[in-house]
Amino acid sequence: MEKFSFDNIEDFDGHIDLSIQNYSGLIQHIKNISTYFIKDDSTVYDIGCSTGNLIRVLKDHNKTNKTTYIGIDKSENLTKDREDVYNMDLEAWKAEPYCFGACLFTLQFLPISLRKQVLKELYENLEPGGAIIVSEKIFLEDGYIQDVLNFSHYDFKRQNFKSEDILNKQVDLRYIMRPLTKKENMKLFNEAGFTKITSFWQSLHFKAWILQKEIS
């Protein structure tokens with residue numbers, strides 16, 4: 001089997017929907033939540049956007065005027081020939097003022113120092129009253145429950161993938177993915193400036209928050 005990589009995976013949107021239970025439900029929630037924050041004459045970001053599917057969903061759903069939708073991802077395989085999606089490394093990314101954004105299962109693939117840089121960039125350029133959705137795979141502090149959720153996740157994935165493929169992917173991910181605990185993620189959010197944080201979705205050990213910038 002070919003080593004797992006974002007640079008060679010095919011049908012990424014289909015793959016993630018079969019890999020994270022209720023991922024499509026998360027996208028539906030984000031679509032609905034976005035209507036409270038996306039506005040005219042502003043910008044919407046998807047950081048680590050893969051194919052740009054969420055950007056297209058948000059653009060189609062929100063009927064605002066002169067709103068710019070921008071996806072950022074460094075994988076050439078995922079971003080090629082995609083409208084409104086820019087192929088670039090987040091180390092070089094500089095945000096412009098924006099009203100709403102998403103960063104789905106992206107930070108877990110970045111070094112801690114870069115996670116801090118990206119979150120700071122997101123906070124400082126978010127318009128007051130705006131929000132960004134962040135989702136991450138998290139580690140549990142209770143080892144037994146960690147095992148319960150891990151193997152429940154494997155049971156789900158075995159409905160769609162061969163056991164050998166699941167195991168091989170897990171081995172490949174060791175080198176590129178570093179999930180944190182809920183407490184560690186919250187610490188990063190707070191250090192970037194976010195204090196208004198609400199958890200709204202969880203599927204086993206996959207979790208999503210709304211990070212808002214308070215109106216001063």
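**Strand pairing, salt bridges and cysteines in the predicted model**

At a relative accessibility of 33%, I145 counts as partly exposed, since this value falls between the 20% below which a residue is called buried and the 50% above which a residue is called exposed. The structure described here is a predicted model, and I145 has its place in helix α6, which covers residues 143-157. Together with Y144 and V148, I145 forms a nonpolar patch on the surface, and the accessible area of these three residues together is about 290 Å².

The strands are considered next. Strand β2, made of residues 68-73, is largely enclosed by the rest of the structure, because five of its six residues are buried. Strand β1 (residues 43-47) pairs with β2 in the parallel sense, and five bridges are found over this pairing; T43 has T68 of β2 as its bridge partner. The two strands also belong to a right-handed β-α-β unit, in which β1 and β2 are accompanied by helix α3, residues 53-61. Strand β2 is further joined to strand β3 (residues 85-87) by three bridges, and these two strands likewise run parallel. In this second pairing, G71 stands opposite V85, a residue of β3.

The count of salt bridges in the model comes to five, and among them is the contact between the side chains of D84 and K59, with an N to O distance of 2.9 Å. Because D84 lies in the loop between α4 (76-79) and β3 whereas K59 lies in helix α3, this pair ties together parts of the chain that are 25 residues apart in sequence. Helix α3, which carries K59, is also the helix of the β-α-β unit formed with β1 and β2. With a relative accessibility of 22%, D84 counts as partly exposed, and K59, whose relative accessible area is 36%, is partly exposed as well.

Another of the salt bridges is formed by the side chains of K187 and E191, for which the N to O distance is 2.5 Å. Both residues lie in helix α8, which spans residues 182-192, and their separation of four residues corresponds to about one turn of the helix. E191 counts as partly exposed, because its relative accessibility is 39%. The side chains of R158 and D155 also meet in a salt bridge, here with an N to O distance of 4.0 Å. The relative accessibility of R158 is 54%, so R158 counts as exposed, whereas D155, with a relative accessible area of 46%, is partly exposed.

As regards the cysteines, a search of the whole structure finds zero disulfides. C99 takes part in no disulfide, and the nearest cysteine sulfur, which belongs to C103, is 16 Å away. C103 is likewise in no disulfide, the nearest cysteine sulfur in this case being that of C49, at 11 Å. These separations can be set against the cut-off applied to a pair of cysteine sulfur atoms, which must lie within 2.5 Å to be taken as a disulfide. C99 counts as buried, because its relative accessibility is 1%, and C103, also at 1% relative accessibility, counts as buried too.

Conventions. Residues numbered from 1 in each chain as written. Predicted model: local features only at pLDDT ≥ 70, side-chain atom pairs only at ≥ 80, totals over all residues. Heavy atoms only, no water. Buried < 20%, exposed > 50% of the residue type's maximum accessible area, 1.4 Å probe, protein only. Patch = residues over 30% accessible without salt bridge, like charges linked within 9 Å, V, L, I, M, F, W, Y side chains within 5 Å. Areas by Shrake-Rupley, 256 points an atom, 1.4 Å probe, with all protein chains shown as cover. Pairing = 2+ DSSP bridges. Right-handed = clockwise from strand over helix to strand, strands pointing away.
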